[in-house]
Amino acid sequence: MLGGVDLTLTAAQAELQGRARTFVREVLQPLEVEFEHAGGRLPAEVRARIRDASIDAGLVGGSLPREVGGQGWSVLEQVIVHEQLGQSTGGLWSFIPGAYNALTHCSPEQRARYLDPSLRGERFGSYAVTEPGAGSDARALVATAVRDSATGEYVLNGEKWFVTGPPDETDFMIFHCIIEDGSERRPTLFLVDYDAPGVTMQHDPDYMHTFADRHPQFVLADVRVPATAMLGEIGRADELTNEWFVEERIHIGARCAGAMERLLTLAVEWATERIQFGERIFEFQGVSFPLADSAADAAAARLLTREAAVLADGGADPKVVHAKASLAKLFASEAAFRCADRVVQVFGGRGYMREYAAERFFRELRVDRIWEGTSEIQRLIIARALEKRGVDRVVG
């Protein structure tokens, strides 16, 4: 129990955890070095093997409700799985079929075209929110949708950065834009196919990490879509996107906790076998004490993330859950990067080699302090919650 929150796993949850662990260890981890050496690309048959294995393991569409074809996992069950997914490098879990939670708002036609094939692994979608002049401040978004009264279509214009998805599979985006209604700005989502006229991938930059997902930049210039391409209702984009942010922040916290578990496992195995000056290097406090600090961090990150999940499942105040998700992401992402830095040091020169997971985690975990809301944004959310919700509800 933690503050009245029961974090004990049921038999079914433990079984789900075991399935996810086996999938990660037997399917994803053996591909890590090959994936790194290939510059973040895998042959189509290997990607298909990951997809099929994830389907066989029952790991597809877990976060989505059963009524739309998902598995209806609780938030805690999602966390349990993401703790295991975080123990692989390269973001290889991105090849598991799934969909953003905004697609639960699909119409029947949209579901048949986008959601159903996504859950079968036939389509992958991306979420286009960030713009060159608007990162964390959604109020500064300038992408627009203008209705053509003659045809009933919407004309979309805008430039989006960090439109994340596997490069060879992703073929549509959820486009977050503004419909202007007089002096009122009404944020709205649209489903847009990559091959629609006027959609251009302007740049596909390389990043610090080698990841299954790429993060290209798109320009939409007078892209015409029917009114039926609108996802959800006019004016609901901020609400629906925030739902995704909260979910993904909890997932990031879970993956960071999982990454720390694997990093510590590798470091302890190495340090207890490596002999220098006639002793195991684990006997040296300069090695073992940083690992002990990271063990405390890993345990705290796991508890914070699972607590946020259990509160969400229990119907707690969404504002409190939002603050708890930010706490989990902030602490876990900062702690995981510290852990990776320490473990690279434990491995010494080997820790600087890309063949070693510690080096890959060091590059990959850095972005968790940036995407889905920077650490600074999480601090703003937490600070405001302290004032508005009360210290006892945020930290209690």
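Rings of Phe, Tyr and Trp (its six-membered ring) form a pair if their centres lie within 6.5 Å; planes under 30 degrees apart count as stacked, over 60 as edge-to-face and the rest as tilted. The model is predicted, so that local features need pLDDT of at least 70 and side-chain atom pairs count only at pLDDT 80 or more, whereas totals for chains, interfaces and linings use all residues. Residues are numbered from 1 along each chain as its sequence is written, and side-chain values use heavy atoms, with hydrogens and water left out.

**Exercise 1.** Classify the pair of tyrosine 100 and tyrosine 127, and place both residues in the chain.

*Solution.* Step 1: by the ring rule, the count is 14 aromatic pairs. Step 2: in the pair of tyrosine 100 and tyrosine 127, the centres are 5.2 Å apart and the planes make 90 degrees, which is edge-to-face. Step 3: tyrosine 100 lies in the loop between helix H4 (75-85) and helix H5 (108-119), and tyrosine 127 in strand E1 (residues 124-128), 27 residues apart. Helices (H or I, at least four residues) and strands (E, at least two) are DSSP runs, numbered from the N terminus. Step 4: ring pairs join Tyr100 and Tyr127 with Trp244 and Phe245 in a cluster.

**Exercise 2.** Determine the geometry of the pair of phenylalanine 337 and phenylalanine 362, and state whether phenylalanine 337 is buried or exposed.

*Solution.* Step 1: the ring centres of phenylalanine 337 and phenylalanine 362 are 5.0 Å apart with planes at 25 degrees, so the pair is stacked. Step 2: phenylalanine 337 belongs to helix H8 (residues 318-347) and phenylalanine 362 to helix H9 (residues 357-364), 25 residues apart. Step 3: phenylalanine 337 has 17% relative accessibility and therefore counts as buried, while phenylalanine 362, at 26%, counts as partly exposed. Buried means under 20% relative accessible area, exposed over 50%, and partly exposed in between (1.4 Å probe, protein chains only).

**Exercise 3.** Identify which ring lies beneath arginine 366, and which beneath the charged end of lysine 160.

*Solution.* Step 1: a charge sits over a ring if NZ of Lys or CZ of Arg is within 6 Å of the ring centre and within 35 degrees of the ring normal. Step 2: arginine 366 lies over the face of phenylalanine 337, 5.8 Å from the ring centre. Step 3: the charged end of lysine 160 sits over the ring of phenylalanine 175, at 5.4 Å from its centre.
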